[in-house]
Each structure stands twice: as structure tokens, then as C-alpha cells.
Amino acid sequence: MPKVVPVLVHKPVTPAVQGSSPGFDEQGPLAQLGGRAFVHETVGEFYRAIGKYLTPEDTADHGKQHSRQAQFLSHALSGQPEPVHSARANFLARGLNPALFEALLEYFEARLLEKGVSARASNRLVRAAGDLYERCQEPLCIAC
């Protein structure tokens with residue numbers, strides 16, 4: 001059975017992205033970044049950017065990927081407790097295009113840097129989302 005590793009990294013975020021509401025840190029990194037709206041906006045920017053260079057046939061699946069990837073990233077950065085966090089991540093990871101998701105993570109990290117998140121913190125957030133995705137892709141093992 002694969003080893004379960006905590007996904008969320010509760011690292012202080014630079015003042016440029018912190019909010020002022022009480023209980024701010026308890027909501028996880030997602031709230032610190034601007035919530036689901038920020039994630040959906042960033043994923044949309046990614047698909048608009050790559051869509052300029054692709055044919056309509058190549059972009060046919062982008063609407064579905066956009067939705068699933070935004071949901072997965074939002075979930076990966078949320079403060080959900082285990083085992084709900086991993087179970088929902090496994091569900092959301094189904095059907096994600098691995099190459100597009102990897103490219104999205106690179107874009108997302110650059111966007112975090114633009115937003116004022118430190119390089120170290122943005123790298124840790126993206127790595128946590130990527131590691132969660134990789135764990136979702138591991139084949140199920142049956143104990144013998």
C-alpha cells in the first residue's frame with residue numbers, strides 16, 4: 001500500500017498575498033491566494049495562451065480539461081482533512097491529461113510569482129499539487 005504523505009504545506013505567505021480576515025491561515029493556501037476564482041482565472045489564462053498556437057481539433061478537449069484541472073488545483077490547495085482530501089483528489093484526477101497538467105503547473109507557478117508569492121512558497125505549493133496528482137496516478141495495490 002502506498003505511503004500517505006500530507007499534501008498541504010502551511011507555510012507563511014508573503015504579505016503581498018495575505019488577507020486580513022480572522023482565521024485566514026485555517027483556510028489553507030487556497031484562501032491565501034484568492035480562492036477558487038484565482039485558480040479558475042489562472043487556468044483559463046493558461047488555456048487561452050496555449051490555444052492561440054493550436055488547431056481547433058487540438059483544443060477540442062480543453063473545456064473539459066480546464067474545468068477538471070481548476071477543480072483539482074482548487075482542491076489540492078484547500079484545507080480539507082484526510083481521508084476526504086485524498087479520496088476527492090483521486091476522483092478529480094481521473095481524466096486529466098498528464099502533459100497538459102504538467103504544463104499548467106509550470107504556468108501556475110509563474111503566475112504565483114507574478115502575484116508576489118515567494119519563489120520558495122510557490123514552488124512548494126506547485127510541488128504539493130503535483131505530488132498529489134502523481135499519487136492519484138499510482139496503480140492500486142492488492143495485498144496478497
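Where does G79 lie? In this predicted model, G79 is placed in the loop that runs between α3 and α4, the latter spanning residues 84-93. With a relative accessible area of 42%, G79 is classed as partly exposed, because that value falls between the 20% limit for buried residues and the 50% limit for exposed ones. Although 48 residues separate G79 from A31 in sequence, their C-alpha atoms are 8.9 Å apart in space.

Helix α2, which comprises the 17 residues from 35 to 51, extends 25 Å from its first C-alpha to its last, a span close to the 24 Å expected at 1.5 Å a residue. The buried residues of α2 are G35, F38, V39, T42, V43, G44, E45, F46 and Y47. An α-helix has 3.6 residues a turn, so residues three or four places apart point the same way. The cover over the buried residues of α2 includes helix α1 (29-33), helix α3 (62-76) and helix α5 (98-115). Of the buried residues of α2, F38 also takes part in a contact between a charge and a ring, since K115 lies over its face at 4.6 Å from the ring centre, within the 6 Å limit applied to such arrangements. A further arrangement of this kind is formed by R68, which lies over the face of F91 at 5.2 Å from the ring centre.

Aromatic side chains were also examined for pairing, and the count comes to six aromatic pairs. One of these is formed by F101 and Y133, whose ring centres are 4.7 Å apart and whose planes are inclined at 40° to each other, a geometry classed as tilted. Because F101 belongs to helix α5 and Y133 to helix α6 (residues 119-137), this pair ties together parts that are 32 residues apart in sequence. Both partners count as buried, F101 at 1% relative accessibility and Y133 at 7%. In addition, F46, Y47 and Y107 form one aromatic cluster, and F46 and Y47 are themselves among the buried residues of α2.

Helix α6 also contains S122, which at 0% relative accessibility counts as buried. When residues up to four places away in sequence are left out of account, S122 touches E109, L112, L113 and V117.

Methods. Residues numbered from 1 in each chain as written. Predicted model: local features only at pLDDT ≥ 70, side-chain atom pairs only at ≥ 80, totals over all residues. Heavy atoms only, no water. Helix = DSSP H or I, 4+ residues; strand = E, 2+ residues; numbered from the N terminus. Expected span 1.5 Å × (residues − 1). Buried < 20%, exposed > 50% of the residue type's maximum accessible area, 1.4 Å probe, protein only. Contact = heavy atoms within 4.5 Å. Phe/Tyr/Trp six-rings, centres within 6.5 Å; stacked < 30°, edge-to-face > 60°. Lys NZ or Arg CZ within 6 Å of the ring centre and 35° of its normal.
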